[in-house]
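Me: Got a minute to walk through a model with me? I'd like the overall picture, then some strand pairing and helix packing.

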Amino acid sequence: MKTTIQSRHTRLTIACAATLAAFMLSGCGGGGGSSETGVEASAGEGSVQFEIAAEEATLTLVDDGSTMPALAADAVAQPLFHLAPVVLDEPDLDDALDNTASGRRAPHAQRVPAGLAGLSSERLTLQDIESGRMQIASASASAAEDGTASALATGTVAKTYTPAQIRAAYGLPALPVAGASLTAAQAAQLGAGQTIYIVDAMHNPNAAAELAAFNKTFGLPGCSSQLLPVGTGLPLAAAPKDNCVLSIAYTTTSGALTNTAPAYNAGWATEIALDVQWAHAIAPLARIVLIEAPDPSVNSLTNAVRLANQMGPGVVSMSFGLAEASWTTQLDSAFAGTGMSYLAATGDSGAAVSWPSVSSRVLAVGGTSLSYTGTGSRSEVAWTKTGGGISAFVATPTYQSSALPGVGSLTRRGVADVAFNADPMTGQYVAVIKPGSTTQSWVSAGGTSISAPQWAGLIAAANAMRVLAGKPVVGSAHATLYGQIAAVPGTYAAAFADINAGSNGSCTICTARTGYDVPTGLGTPNVSGLLGTLSGASISTPPVVSSAGVSGKAGSPLSFSVIVSATNPVTYALGGAPAGMTISSTGVISWAKPVAGSFTVTVTAKDSKTGLSGQGSYVITITSAALPPVIKASAMTGVAGRALTGTITVSDPGGYAMSISISGVPAGMTFSLRGQTITATWARPVTGKYTLNITVKDAIGLSTKLALPITINAK
């Protein structure tokens with residue numbers, strides 16, 4: 001706040017943190033008196049004295065946004081995350097070896113025990129879930145002791161997506177092969193040189209360790225980490241363009257850097273974990289600055305945003321909120337930094353409007369429930385708990401024009417603007433480490449909390465691509481998203497998936513519909529088209545290698561062509577190929593002498609111009625050659641009157657069922673079959689020569705015959 005005292009003779013401006021009422025009582029909070037010849041006014045820690053004719057003085061307060069509205073001073077925000085009520089199985093290591101591997105399959109499905117299914121997912125923490133499991137175990141043990149134990153009912157199923165699956169579902173550029181050299185264009189698509197500010201409250205002591213576990217498990221680029229101590233020069237130095245850095249800043253209630261970490265809070269620590277990990281998953285080369293406010297008051301959080309403004313251009317992600325109020329617009333100056341984009345979650349309790357997402361200067365991010373199987377297109381409906389509605393206090397912004405499909409005539413600001421997956425039951429993996437532990441657990445996270453940082457990652461990638469092209473950063477994205485994209489049907493269809501099913505309540509505007517709607521805004525991003533429009537640059541996409549199954553027969557030459565979709569010529573490589581298998585420069589796989597068995601071969605196609613690679617898997621099944629049954633037996637020789645026995649074994653190389661017939665059997669000879677062995681017994685052989693004609697025929701019609709001689713000599 002600036003206080004200006006003006007007269008005919010002089011004008012003096014001094015810094016003042018007091019309210020108007022306080023100033024009128026005691027200057028700027030000081031204890032000076034007044035007279036016709038002078039006034040003493042306190043300014044910070046010092047004071048300013050001047051002479052002025054009091055009866056001629058006028059006083060004006062000019063709001064520069066540095067003070068907090070009285071009604072908001074004590075307001076407290078909440079993190080807006082949800083967790084499915086189950087601790088997930090440890091993810092497999094497929095993505096650690098190939099960071100696109102899981103993108104070709106459906107999400108992990110895990111049943112939620114019936115005893116945990118009743119837990120509210122809102123702001124649920126790992127500690128809450130584990131406490132619930134202990135209570136279930138204790139109750140089960142007690143029931144077993146008194147004989148009343150019963151089986152638990154089947155719970156619901158949580159489906160959880162990996163970074164590779166989210167990138168595939170929404171059409172993000174595939175991550176490059178680990179260790180590959182990137183062109184400037186490829187690095188820009190990953191957010192290189194840009195900064196994402198994650199503003200949260202309280203402290204997560206394991207944020208860096210959780211991010212490291214997340215990156216290692218899913219094959220994402222690693223991040224170095226650092227603390228921004230008191231005295232750090234602002235604005236910050238430019239973000240690096242070739243690696244990720246996680247910078248952590250602790251703030252005071254006034255938004256100043258401090259070396260003292262805020263107190264730990266399990267809920268906010270969970271929020272921090274998912275914000276950091278999923279902003280990085282979308283823009284893995286962007287710098288992330290985590291700003292931890294000392295408490296969740298509107299005052300502390302707003303000042304943390306102001307600190308981000310001082311740190312330099314970037315994208316601010318806010319996954320917190322509280323109900324809008326009359327003071328909402330009085331804090332808009334916090335969202336007016338040069339070169340800044342501001343995004344906020346719309347809430348997670350159904351139809352409602354919350355701050356800061358309601359600000360007309362903030363991109364409000366709503367939520368959907370995602371369905372994606374690893375192939376084809378994704379499908380989505382509005383998440384039942386996503387926030388959204390019509391503001392009671394914020395005027396309709398010019399960008400929400402009635403000319404847009406679905407908008408109609410909004411009486412005030414409509415929330416949301418855009419959306420992303422947010423349902424914890426179609427959630428996303430998040431690594432969580434409890435204080436004092438070094439072992440990560442995995443949870444299925446959602447809430448519009450997880451939607452906002454992912455949209456922040458998209459804006460960061462668009463900024464990097466624009467900078468590379470010599471253009472200014474996106475800044476406030478509303479005009480572009482509404483005016484240049486949504487208002488042009490073809491461009492809109494390419495950049496957004498219009499969500500037209502599902503609802504977040506029972507009101508008339510609570511249902512998703514064609515065009516704009518309050519639960520999902522303009523819809524969810526088709527990232528390739530969206531980034532192309534926001535940046536004005538084409539998106540380098542990696543080759544797509546189709547996976548398939550191939551069959552052949554042992555000993556018979558095998559040859560087939562790999563199916564690849566690519567913009568430029570590609571080179572090929574085989575992984576896991578059996579001895580003798582090769583791939584040509586044109587993508588033809590050959591195997592001169594296949595052997596029986598099942599083999600999974602990975603084909604990597606590398607774009608010769610961009611260096612991007614795509615992979616596909618071929619499952620090759622080689623069956624044994626079709627061979628006839630085999631009969632093994634030795635000639636039988638005996639003496640008249642003495643018992644004679646012999647064995648005949650039969651087998652089929654293909655494992656088929658067999659039928660056996662024997663003719664030329666002398667009188668008195670009998671046979672028994674056990675497995676594939678026939679035992680011939682002749683209790684009282686008679687002198688002479690005999691021939692057993694044995695025929696074995698298998699189920700596919702192949703047969704083998706054997707003439708078995710028998711000689712019986714006289715005594």
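What follows is a quick back-and-forth on this model.

Me: What kind of model is it?
Reply: It is a predicted model.

Me: OK. How many helices and strands are in the protein?
Reply: The protein has 13 helices and 44 strands.

Me: And how much of it is buried?
Reply: Of its 715 residues, 50% count as buried.

Me: What about the accessible surface?
Reply: About 29900 Å² for the protein. Carbon and sulfur atoms account for 54% of that.

Me: Contacts next. Of those between residues at least 6 apart in sequence, what share joins residues at least 24 apart?
Reply: That share is 73% in the protein.

Me: Let's go to strands. How do strand 8 and strand 9 pair, parallel or antiparallel?
Reply: Antiparallel, over four bridges. Strand 8 covers residues 108-111, and strand 9 covers 157-161.

Me: Which residue stands opposite Arg 111 there?
Reply: Val 157 of strand 9.

Me: Strand 9 also pairs with strand 24. In which sense?
Reply: Parallel, over three bridges. Strand 24 is residues 426-432. In this pairing, Lys 159 stands opposite Thr 426. So strand 9 pairs antiparallel with strand 8 and parallel with strand 24, with bridges as DSSP finds them.

Me: Switching sheets. What is the strand order in the open sheet of three strands?
Reply: The order is 30-34-33, and the pairing is antiparallel.

Me: Which strands are at the edges?
Reply: Strand 30 (558-561) and strand 33 (581-583). Each of them pairs on one side only.

Me: By how many degrees are neighbouring strands turned against each other?
Reply: By 15 degrees on average, ignoring direction.

Me: And what joins strand 33 to strand 34?
Reply: Three bridges, with the two strands running antiparallel. Strand 34 spans residues 588-591. Thr 582 stands opposite Ser 590 of strand 34.

Me: Now helices. At what angle do helix 11 and helix 13 pack?
Reply: About 105 degrees, with the axes 11 Å apart. Helix 11 is residues 478-486 and helix 13 is residues 527-535.

Me: What does that make them, roughly parallel or roughly perpendicular?
Reply: Helix 11 is roughly perpendicular to helix 13, because angles from 65 to 115 degrees count that way.

Me: Which residues make the contact?
Reply: Helix 11 brings Thr 480, Leu 481 and Ile 485. Helix 13 brings Leu 530, Thr 533 and Leu 534.

Me: How do those divide into nonpolar, polar and charged?
Reply: Four are nonpolar, two are polar and none is charged.

Terms used:
Residues numbered from 1 in each chain as written. Predicted model: local features only at pLDDT ≥ 70, side-chain atom pairs only at ≥ 80, totals over all residues. Heavy atoms only, no water. Buried < 20%, exposed > 50% of the residue type's maximum accessible area, 1.4 Å probe, protein only. Contact = heavy atoms within 4.5 Å. Areas by Shrake-Rupley, 256 points an atom, 1.4 Å probe, with all protein chains shown as cover. Axes fitted to C-alpha atoms, helices over the stretch in contact; angles between N-to-C directions. Parallel < 35°, antiparallel > 145°, perpendicular 65-115°, else oblique. Nonpolar A, V, L, I, M, F, W, Y, C, P; charged D, E, K, R; others polar.
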